[in-house]
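Reader: I would like a close look at a single part of this model. Pick one pairing, work outward from there, and keep the sentences short.

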Amino acid sequence: MARKLKRIPTDGAGGSFGDNPFSGLSTEGLPVGVSGSLSEVTVPVAAKKKRVVKMRREKAGRGGKEVTLLKDFENISAPEILDLLASLKKRLGTGGKMQGMVVEIQGDQRDAVEAFLVGKDFRVVRAGG
């Protein structure tokens, strides 16, 4: 014969399922200025992380043509990358496209791309030759 399992009620009628386990603790002995409520404690906000991108020049497999690649974007989403690509192409007067999460800019544009990205609060890491 199988054992019958005891079920825990989830409708709130059978106990203190949603009670705060720390509500019974006293604040006696705590340093001055510390209260018992967590809602009053302020946590310092972390500084905004600088967005990082890796940049390299490549010409392998492109018929000798050079391209500037931007990849490994940190703290930036795909729609933001597309907006960045559009403004880069307009600023440099060159073509480019996005394949996956890699941006390709036509030509060896490393210096101009780096200056543009630094102005947009990116940290550019140069890779390759």
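Author: K97 has E104 as its bridge partner in β4. The model is a predicted one, and this pair is a good place to start reading it.

Take K97 to begin with. Its place is in strand β3. Its relative accessibility is 41%, so K97 counts as partly exposed. Leaving out residues up to four places away in sequence, K97 touches L85, V102, V103 and E104. There is also a distance to note. The C-alpha atoms of K97 and A86 are 9.0 Å apart, with the two residues eleven positions from each other along the chain.

Now the partner. E104 belongs to strand β4. At 12% relative accessibility, E104 falls under the 20% cut-off, so E104 counts as buried. The side chain of E104 makes a polar contact of 3.1 Å with the side chain of R62. R62 also appears in the contact list of E104, which sets aside neighbours within four places in sequence. The other entries on that list are T68, L69, G95, G96, K97 and Q99.

Next, the two strands that hold this pair. β3 and β4 run antiparallel, and four bridges join them. Together they form a hairpin, with two residues between the strands. G100 lies in the turn and has a positive phi of about 70°.

β4 pairs with β2 as well. That pairing is antiparallel too, over four bridges. Here E104 turns up again: L69 stands opposite E104 in β4. So does another position of the strand, V103, which faces L70. V103 was already named among the residues that K97 touches.

What does the burial of β2 look like, strand-wide? Four of its five residues are buried, so β2 is largely enclosed by the rest of the structure.

Follow β2 to its other partner. β1 covers residues 51-58 and β2 covers residues 67-71. These two strands pair in the antiparallel sense over five bridges. Two of the facing positions can be named. R57 stands opposite T68 in β2. E58 stands opposite V67 in β2. T68 is also one of the contacts of E104.

Step back to the whole sheet. Five strands make an open sheet, in the order β3-β4-β2-β1-β5, with mixed pairing. The edges are β3 (96-99) and β5 (122-126); each has a single partner strand, so one side of each is left without a neighbour in the sheet. K97 is therefore a residue of an edge strand. From one strand to the next, the twist averages 25°.

Two helices pack on this sheet. Helix α1 (residues 78-92) touches β2, β3, β4 (102-106) and β5. The direction of α1 makes about 165° with that of β3. Helix α2 (residues 110-119) touches β1, β2 and β5. The direction of α2 makes about 155° with that of β5.

That leaves the count and the order of the elements. The protein has two helices and five strands. From the N terminus, they run β-β-α-β-β-α-β.

The loops bring two backbone angles worth checking. Most residues other than glycine have a negative phi. D72 is not a glycine, yet its phi is positive, about 55°. D72 sits in the loop between β2 and α1. Its relative accessible area is 42%, so D72 is partly exposed. D121 also has a positive phi, near 65°, and is not a glycine either. D121 lies in the loop between α2 and β5.

Rings come next. The structure holds zero aromatic pairs. There is a charge over a ring, though. The charged end of R51 sits over the ring of F122, 4.3 Å from the ring centre.

Last, two totals for the protein. Of its 129 residues, 19% are buried. Among contacts with a separation of 6 or more, 49% are between residues 24 or more positions apart.

Back to the starting pair. K97 in β3 is partly exposed, whereas its bridge partner E104 is buried. E104 also stands opposite L69 of β2, and its side chain reaches R62 through the polar contact.

Definitions and conventions. Residues are numbered from 1 along each chain as its sequence is written. This is a predicted model: local features need pLDDT of at least 70, side-chain atom pairs count only at pLDDT 80 or more; totals for chains, interfaces and linings use all residues. Side-chain values use heavy atoms; hydrogens and water are left out. Two strands pair if DSSP finds at least two bridges between them. Axes are lines fitted to C-alpha atoms, for helices over the stretch in contact, and angles run from 0 to 180 degrees between N-to-C directions. Contact means heavy atoms within 4.5 Å. Rings of Phe, Tyr and Trp (its six-membered ring) pair if their centres lie within 6.5 Å; planes under 30 degrees apart count as stacked, over 60 as edge-to-face and the rest as tilted. A charge sits over a ring if NZ of Lys or CZ of Arg is within 6 Å of the ring centre and within 35 degrees of the ring normal. Buried means under 20% relative accessible area, exposed over 50%, partly exposed in between (1.4 Å probe, protein chains only). A polar contact is a pair of N or O atoms within 3.5 Å; within protein, one must be able to donate a hydrogen and the other to accept it, and residues adjacent in sequence count only if both atoms are side-chain atoms.
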